[in-house]
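Let's take a walk through this chain together, starting inside and working outwards. Have the sequence and the model open side by side as you read.

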Amino acid sequence: MRTSTKSALLFLFILVTVGAVVWGVDRFLNPPANQTLADQNQYELPAYLKVPIEEAVKPLIADLDESEESVQALLEEREQFHESNEGAFPSSEEIHLYADQLEQYHEFRIRDLKFYQENTPDQGQAKRKGEEFLEKYIGWNCGFRFVEEFTNQQMLELAQSAIDTGSADDTVHACHAVLLWLNGSPTEALSKMNDLADKGDQLVIAPNFLVMFRFWHFNLTQETYDSGGDLIQCRRMVIQDCVELLRSTHQSDHPRHFWLLVEGSYKFKYRDWKEMLQAILQHEDISLFHKHKTAGMYYVKLAWHHRGEDYALTVSEEGWKNFAEFSSKALRHFRRAWQLEPKIPETMVQLIQIANTGNDPDWSARDWFLETIHTEFDNRRAYNAYAWSLRPRWGGSLQQLTNFANECILCDQWQTPVPSYAFISIEAIREDLPNQNQLGNFFPIMQLIESLTVEYLKRSDNKDLWQPNRYQCGLLAGALVQAEKYELAKKLFDQTQETIRDADVQWMLRSRLDLETEVQLMTSDFSEEYQSYQKLVSEVNLETSQDQFLDLSKRLDEIESSVESTAVSRYVQGQRESLQHQQKYQTGDWVSLKFNETLSDWRVHADQTEIVNEETIILRSETHGRNLFIQPLARFSPPYEIQLTYEAMENSEKLPLPNRVGIVLGIGDNSFRYDQDFTEFGVTLNGLEASYMSSDVNNQNLEFFLLADRQNKSKLILEAWPERGLFYVDGKAVIHRNNMTMTHSHIVSFGTAFDSALNKRTVKLSDIRIRRLENDMPERLVAYYKNFVEHSPSSFHAHFGYGVHSYEMEDYEVALKELRIAETMNPNDKNTLNFLTFTYEALGQFKKAFEIREKNVARKPNDATFLNDLAWSLVVCQQADFRDPKRALELAQKACEISNHEQWHILGTLASAYAATGEFEKAVEFIEMAVPLAPSDRQEYLQARLKDYGDGKSIHE
């Protein structure tokens, strides 16, 4: 049996997290001189750093042995405390807020602003602009609410404004450099940092920013290594600064600030920690706490290096052994650090993470989590680490996540972010459900969702308390609607008003309008009529009569007149226009999709739209989102043809915009989904390229392919067929690979896919229309590929497609010509060679067909496809002289072994070979193995073969 085979930047991390470094007064008054890059060439490691790591760590090992009893005693003491408190969250009297640390950190960082005010060379407007920028930057860097919504771009604009007014301050320029980096200009940022470092003793940067500058400089040099910079010397300067900083602050009131800074900004690889470890271990003025914590972090990095970052199934036995060994070493050091400083929660968070991996024989992740929050109740990292351990994928369970969420609610501490982890747990539950889009149908979680909604609504007016974000509100709303808890959902919508948006409920394949309309109608006296209408409209198809359309329209009139609601009115208007579209679509006429101020017949996912007239709309992207698209509410079943005009326009408002518009086909009822099969055909907005993008059901990364040069304004035409999408730009066919779209849906969307590589453009769509096609796909496919060959004679895919579809239309002469051209372009392509043999066989040129098959097997003797194809031909060839059942049997047996007896068509070939050699029992055995593996459209064929072989008939009898 024969078959055919079908076939970035990483976003930059925010370098400086919540954390601080306490410096002595003398450091503020006399900031240390900075070593120039030129001096780095003469820089050598201090002698004590040349001691091997094994020697450097020995004093710590001795300390671990000596302190083992005291560590165990503390473990037992705290374990008894946990048991006596029944493992519950701490009471309100025991809470120590992490927010207090943020406030202290903010006050501490404000000293940098005072340093700027006293030491800056800026004057007048430049000084005021620099002060305004640094104040906001400090708050933004600390995570304070009043500026946390600032984007990287907005912060860059503030820094640029200060520089444009004449600021010459090194601190402002250092922050400007890192913001350039965060906004996608690493080369420019590195050049600026190099210039600052070259100033040497003349560099004047506020104390905290000085250390951060070292981090930034090293990390960017490491990232853009080819762009210049001595990476080794740059790293050693960071280590030198860190060791000096640690030495000067380790006995201060805030020893944790150093580690908050380092863990957020220090991006050394595991081997580079050796140098840091050596420097800390051998410095006599650094405390044991810091030495043990450094060692623990080093061994954690070493453990993960040996394990690897891939999935657990890919880790070797040796990898797991080393992972356990180094994790155990890290455990001992972290425990000792905890015993030395039991009130510093960052060490305990590390212990939660080690317990998550199963490498703590005494305490669980839960034990260390409770220990952490008894020290600092709202430590976010502790909640994140513990919640992660409760996911089923990491050995937890949905029930454990539910229990944890309930604890977060029952503690009743809404002045902290703790209740947010109830929402986070619900999201984790959804992600680990077999069907992620059915959260509201999962009964055990609905009681939690109801109680969380009630508790939130009690406090939603108090803006001083913690508030969930839009998505979290959407998560609740969607689940409540799915569970038919309409009264509570109505209260949530009424309270949140416009807080919830379409994008926040996309997880359930519904829009905000869908949910709110359903809630409004299901809580009205007209709920039964609404449900009846929904049932009828779901049955609309090409056979729906005009009388049925009229009945549906009357029902909409009744709904609109009975329920006074803006959402319901928009819903009714959209449904009415959708019915009119589908009514006209049935006739095969063009349906013009019009725009109006309410966009009642479209679902729009964009922050801003501009309705030019009924035929034209301008779309701008979401400010904080990544998808920009519009979608008609009407459902159109393939095959259909879409036409529209698009135009790329300059965007004077300089909004961050996606760089392409496309016609999107996907699976689902009424939403654009990335975790479903779909293909996007479209054009970029830089005026240069037409594009093709594809994804698969496993949510793999989208691929982007250059197809052809295009202008800024073009007419787009898409023919949507089941499993095919034929795309034309200005009458020219464009394609990639096999032009597969997996189009089984009713979706038509126009939009974009990414927010990377943005340019300052916006999208103008006009004259959008759609019509139903007659079912003449084979002829249209041939015409399409013929057009493609004429416009792109150098395209392998054009000739291959034209040849294949000509073969399927039994135009064998054209097929042979095109496939031979494709073979010269790609001599080893399996599909081309297969269809060439099919064509030669159809023309009766069996000798040439066998020459190709023999050549394939000789070239790749362990390729199951090539072996199977030759075996099949040796069984079924129409010319008896070419048949060789005995050899076919040998080839098919080998092909089955290579494919692990898991390919139905290869098993079928083996069965046919057995039948051809007279071994009918074996033939029946293997055809029965093939049946459950085969697709439904091949079952009838296999059953016929099964009957023949059971009756003692071979394939030629």
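Leaving aside its neighbours within four places in sequence, which residues is F89 in contact with? Taking contact to mean heavy atoms within 4.5 Å, F89 touches R366, F369, I373, F377, Y383, F404, E407, C408, C411 and V418. Before going on, please note that this is a predicted model, in which local features need pLDDT of at least 70, side-chain atom pairs count only at pLDDT 80 or more, and totals for chains, interfaces and linings use all residues. Residues are numbered from 1 along each chain as its sequence is written, and side-chain values use heavy atoms, with hydrogens and water left out.

F89 also brings us to the largest nonpolar core, which has 123 residues. Such a core is a set of buried Ala, Val, Leu, Ile, Met, Phe, Trp, Tyr and Cys residues joined through side-chain atoms within 4.5 Å; buried means under 20% relative accessible area, exposed over 50%, and partly exposed in between, using a 1.4 Å probe and protein chains only. The members that touch the most others are F89, W368, F369, Y383, F404, L439 and I449. Helix 10 (residues 231-249) gives the most to this core, with eight residues. Helices here are DSSP runs of H or I with at least four residues, strands are runs of E with at least two, and both are numbered from the N terminus.

Two of those core residues, W368 and F369, turn up again where helix 16 meets helix 15. Helix 15 (residues 345-356) and helix 16 (residues 365-375) pack at about 165°, their axes 8 Å apart; axes are lines fitted to C-alpha atoms over the stretch in contact, and angles run from 0 to 180 degrees between N-to-C directions. That makes the pair roughly antiparallel, a label for angles over 145 degrees. On the helix 15 side, the contact is made by P345, M348, V349, L351, I352, A355 and N356, and helix 16 answers with A365, W368, F369, E371, T372 and T375.

Further along the chain, helix 27 (residues 777-791) and helix 28 (residues 796-808) come within 8 Å, crossing at roughly 150°. This pair is therefore roughly antiparallel as well. Among the residues making the contact are L781, Y785 and F788 of helix 27 and H797, Y802 and H805 of helix 28.

Now for some buried places. In helix 12 (residues 273-281), eight of the nine residues are buried, including W273, M276 and L281. I642, in strand 6 (residues 640-650), is buried with a relative accessible area of 1%. I642 and R771 are 129 residues apart in sequence, yet 6.8 Å apart in space, C-alpha to C-alpha.

Loops can hold buried residues too: M508 lies between helix 22 (486-496) and helix 23 (512-522) and counts as buried at 6% relative accessibility. Setting aside neighbours within four places in sequence, M508 is in contact with N437, G478, Q482 and L515. Between M508 and L439 the C-alpha separation is 8.3 Å, with their positions 69 residues apart in sequence.

Finally, look at two loop residues with positive phi. D412, in the loop between helix 18 (398-410) and helix 19 (420-432), has phi near 60° without being a glycine, and is partly exposed at 42%. E484, between helix 21 (470-482) and helix 22, has a positive phi of about 60° and counts as exposed at 58% relative accessibility.

Conventions
Angles under 35 degrees count as roughly parallel, over 145 as roughly antiparallel, 65 to 115 as roughly perpendicular and the rest as oblique.
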